[in-house]
Amino acid sequence: MSISLDAAASQCIVRAGLLADGCGSAPRSDAAVLIDEGRITAVDTTAAITAKASPDTQTIDLGDACLAPGLIDGHTHLSLAGDGRLYSEMFSETDEMMVLTGALNLHRHLQAGITTIREHGARNRVGFTLKDGLNRGYIPGPRMQVSGRPITCTGGHFHMCNEVADGEDEIRRSVRRLVHEGADYIKIMASGGGTEGTIPGRASYSEAELHAAVHEAHHLHRVTAAHCRASESMVNAVKAGIDLMEHAEFLEPDGELKFDPELAQMMAECGIWISPTLQAWCRWPQVTQLRRQREQGLAQVDDLATLQSLEKRAEKRLDVMRRMLDYCMKERIVPGTDSGVNDLAFGHLDYDLELLVEVGFTPGEALESATRISAEAIGLADDLGTIEVGKVADLVAFDGDPTRDIGAVSRVVAVFQAGVRVR
Ligand SMILES: [Zn+2]
């Protein structure tokens, strides 16, 4: 897949005090990027770039800020508000209201430096409509890959989106229908989840059913992503050849997390991409808010008790993640926010990067997971993910060096899409 740019800006220079190109080397100082028709044509010192550009080229000087590739969030639900309501309440909205919710969410993510997303499943045509609106320029937002509706079993997680399929034949038909409607990739629910009546610790499809989805999707040049909370579903996904595994919680039927070294070994060997959606399990928005309250001396006794139990719960999940890293999977792990569900508001990929650092990534590695590695995982590495000649000029500037202090990712000062400043 490659990105075509229309209405891209003419030549310009973006200069910054630091530049982290996403390729793994230390940030360079006093660097500039020359952009022509939306793509990067040179990266060098400010003096060298100025000498290279034509004299009337506009320069955007970002002062001391650190310039990095635009961030990528591989897991969003644009149609959901992330305002703490239950699924049943959020899905009682009309499709029209879901499209409007999506327009607001696109704006929030873009302002947070997220320039590319995957829309991981909405009801009916809501996801497709949002992508169409974005491509027509009706609404601003990150570039978008859309799955349309997630494929799920009868009564399964997200069955309210209306793409229910049981058995291999129905699953193949669903893949064909979604691709026909415009799906860029296929999302399938391989275990239960937060949807009422489903069991997150149980697989919802067999290996054969998942394989039918993979086979049909690959046949039509689409990759697959599977929602896998249960260990059982993780095994099925690996064996079926799923391209990207969401959540990967090692969840047992009784609701406990139980790390399985043999399964981790299988995941490492098959080279599956893994999106651990840490802020979702760890309830990080709530933890962050309570910690802030505590620092300001505003936390009551009840708040402190809640914080303590949330931190203890989060630690169990983070421990599973740390054990996974023993299997050398850093280069296959990508952050994903799961924004929209529960109280996961849009605009916070920073939480997931913070949590990756918490489990053992360096800040630089966390940044690369959200840029270079994510671009590879979603098949857009030719165009996105690093600041290199030939790439699309999707850029974000932070107040501070995110390769030393991951907190800098929360301090966005400028965002560019194909060379056009959008914040
Ligand atoms: Zn999700």
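Begin at the second largest pocket of this predicted model, which holds about 440 Å³ of space. Of the 22 residues that line the second largest pocket, select Gly 194, Arg 229, Ala 280, Val 341 and Asn 342, which are the closest to its centre. If you then colour by secondary structure, the elements that give two or more residues to this lining are strand 9, strand 10, strand 11 and helix 9, the last of these covering residues 278-282.

Three of those names lead to the next stop, the sheet. Select strands 9, 10, 11 and 12, which form an open sheet in the order 9-10-11-12, paired in parallel fashion. At the edges you will find strand 9 (186-189) and strand 12 (273-275), each of which pairs on one side only. Looking across the sheet, neighbouring strands are turned by 30 degrees against each other on average, with direction ignored.

Now narrow the selection to residues 224-230 and 244-251, which are strand 10 and strand 11, a parallel pair held over five bridges. Which residue of strand 11 is the bridge partner of Cys 228? The partner is His 247, so labelled in your viewer once you pick residue 247 in strand 11. With the strands still displayed, add helix 6, residues 207-219, which lies across strand 9 and strand 10 and runs at about 160 degrees to strand 10.

Move next to the metal site. Centre the view on the zinc ion and show His 75, His 77 and Asp 338, whose atoms NE2, NE2 and OD, respectively, coordinate the ion at 2.0 to 2.3 Å. Along the chain, these donors follow the spacing H-x1-H-x260-D. Tracing the backbone from one donor to another shows that the pair His 77 and Asp 338 links distant parts of the chain, 261 residues apart. His 77 sits in the loop between strand 6 (71-76) and helix 2 (87-90), whereas Asp 338 sits in the loop between helix 11 (301-325) and helix 12 (349-358). Are these two residues buried or exposed? Both His 77 and Asp 338 are buried.

Finish with the enclosed spaces, for which the count comes to three cavities of 30 Å³ or more. The largest cavity has a volume of about 60 Å³, and to outline this cavity you can select its lining, namely Ile 72, Gly 74, Arg 118, Leu 244, Glu 246, Ser 275, Val 334, Pro 335, Ser 374 and Ile 378. Strand 6 and strand 11 are the elements that give two or more residues to the lining of the largest cavity.

Conventions. Residues numbered from 1 in each chain as written. Predicted model: local features only at pLDDT ≥ 70, side-chain atom pairs only at ≥ 80, totals over all residues. Heavy atoms only, no water. Pairing = 2+ DSSP bridges. Helix = DSSP H or I, 4+ residues; strand = E, 2+ residues; numbered from the N terminus. Axes fitted to C-alpha atoms, helices over the stretch in contact; angles between N-to-C directions. Contact = heavy atoms within 4.5 Å. Donors = N, O, S within 2.8 Å, 3.2 Å for Na, K, Ca; no water. Buried < 20%, exposed > 50% of the residue type's maximum accessible area, 1.4 Å probe, protein only. 1 Å grid on protein atoms, 1.4 Å probe; cavity = no way out; pocket = protein on both sides within 12 Å on 5 of 7 lines; lining within 4 Å. Points joined across faces, edges and corners; volume = space filled by probe spheres on them.
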